[in-house]
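Subject: Structure handover

Hi,

Here is the structure I promised to pass on. Have a look at it first, then read my notes underneath.

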Amino acid sequence: MDLDAQGGNSRVFQRLGGQSVNDPRHQIVCLHWRAGRCNRFPCPYLHRELPAPPPAGSNGNASKRGFAGDSGFSGRSGTRRSGNFSNSSTWGRVGNNKTLRKAEKVCNYWVQGKCSYGDKCRFLHSWSLGESFALLTSLEGHQKVVTGIALPSGSDKLYTGSNDETVRVWDCQSGQCMGVVQLGGEVGCMISEGPWIFVGVPNVVKAWNTQTNTDLSLTGPVGQVYALVVGNDLLFAGTQDGAILAWKFNAATFNFEPAASLTGHSVAVVSLVVGANRLYSGSMDHSIRVWNLETLQCVQTLTDHTSVVMSVLCWDQFLLSCSLDQTIKVWAATESGNLEVTYTHKEEHGLLTLCGMHDFEGKPILLCSCNDNSVHLFDLPSFSERGKIFSKQEIRAIQTGPGGLFFTGDGTGQVRVWKCQVEPTPVA
């Protein structure tokens, strides 16, 4: 899938922030980032510390049964970084398993600007609980739930899609809305791959190239498009009628051509992720289907969830899934190659969206939104909670960005920009 119209040498689907693997700057940590004041976007140097060298005798290769090819997160909202928790016995277990003890409800009077208790109020006067992240700004403009957030490679713009039938374009430096695209239909999902942005709306997938200003419409879906993902040089779309459609890019015509239709789900496909050589699809039929990316055949159906599988995510050699049945399930491959549940985390509310990222120390964090208008931040693999984010309505979209940034979009149409902080050192 070559993209460059002049030479045909660049790949259409480059991962966000990708540079040439031969670029020596790939192995240099940005000094300005370390000082907390890098303003280059994209920065050619690393905005993270270099990983520790592999243990003696290790060849550094990922497990053959791994999901994320580089032992990191892989998914619609997951960044890829190194992780090293392959022992399933560590799931949900930690020495002190610290939990948050403070009030976990936002003060309604504070929201209205008229709480008279001030610091003595027993409810939160904040939209978050925890010290490992901070709210930077809020982006106002959408009138309905935000369903997609995208950061195309090489661009200084943030794109957000909503059920208000628009995509808004934001300047990453000023936070100002630079434009509004009217789509004539609700945005069901949105992703970016390299310079491309893909937007799912009823009966069509919109494809925009932010470098060439190419605007394409990919037809074929029946009903709303709820999920999009790229894998093995194919674009996959999960649709309302239960089908998964695939397109392949044709460099000669600079267009996407239909490649396959994957059938098996009985109702809408609402989540997709690619890991290793597999495509995983979560559906309203309560199942997850596992597809071979080479043959596009279903090789396994996972039926342990008892309600809609809202989100799927790959991390290290595990598949994570969340559902309205109030559980996050962790799947691992057996010797036969089939997936089985190795750990189940239970919550009090239905779960909506999973997103993976790493803090500045390289520790993996799982962000999970619930239908009680909150997002939990969990350390992996312990599932100890390091913080919560609150909103007026459900958060349906979470997206990670460079330099520890992440973004949330909620049911009111508000987009918030957050940043991971270095955790404070306890005073002896």
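Below is what I found, starting with the whole chain and moving on to single residues.

First, some ground rules. This is a predicted model, where local features need pLDDT of at least 70, side-chain atom pairs count only at pLDDT 80 or more, and totals for chains, interfaces and linings use all residues. Residues are numbered from 1 along each chain as its sequence is written, and side-chain values use heavy atoms, with hydrogens and water left out.

On confidence: pLDDT is the predictor's own confidence in each residue, from 0 to 100. The protein chain has a mean pLDDT of 81, with 76% of its residues at 70 or more. Residues 79-87 stay under 50, and the model has 34 contacts for them beyond four places in sequence (a contact means heavy atoms within 4.5 Å). Residues 95-102 are also below 50, and that stretch has nine contacts beyond near neighbours in sequence. Where pLDDT is low, the predicted coordinates should not be read in detail.

Now the overall picture. The protein chain has two helices and 30 strands; these are DSSP runs numbered from the N terminus, helices being H or I with at least four residues and strands E with at least two. Of the 428 residues, 51% count as buried, meaning under 20% relative accessible area, with exposed being over 50% and partly exposed in between (1.4 Å probe, protein chains only). Among the contacts with a separation of 6 or more, 47% come from residues 24 or more positions apart.

One sheet to look at is open and has five strands in the order S1-S20-S21-S22-S23, with antiparallel pairing (two strands pair if DSSP finds at least two bridges between them). Strands S1 (73-74) and S23 (339-346) are at the edges with a single partner strand each, so one side of each has no neighbour in the sheet. S23 pairs with S22 (residues 327-333) in the antiparallel sense over seven bridges, and here Ala333 stands opposite Leu339. Is Leu339 buried or exposed? At 7% relative accessibility, Leu339 counts as buried. Its C-alpha atom is 9.2 Å from that of Thr301, although the two are 38 residues apart along the chain.

Thr301 brings me to the record. UniProt, in an unreviewed entry, places "repeat: WD" at residues 139-180 and 262-301; its positions are given in the numbering used here, feature names are shortened, and annotations may be inferred rather than shown by experiment. In the model, residues 262-301 are 0% helix and 57% strand, with the end C-alpha atoms 14 Å apart.

Finally, a few loops. Between S26 (374-379) and S27 (385-390) you will find Ser382 and Pro381. The peptide bond from Leu380 to Pro381 is cis, with omega near 0 degrees. Ser382 is buried at 8% relative accessibility, and its side chain makes a polar contact with the side chain of Ser384 at 2.9 Å. (A polar contact is a pair of N or O atoms within 3.5 Å; within protein, one must be able to donate a hydrogen and the other to accept it, and residues adjacent in sequence count only if both atoms are side-chain atoms.)

Which residues other than glycine have a positive phi? Phe254 is one of them, with phi near 50 degrees, in the loop between S14 (244-250) and S15 (255-262). Leu296 has phi near 60 degrees and sits in the loop between S18 (288-292) and S19 (298-302). Phe254 is buried at 17% relative accessibility, and Leu296 is buried at 18%.

Over to you!
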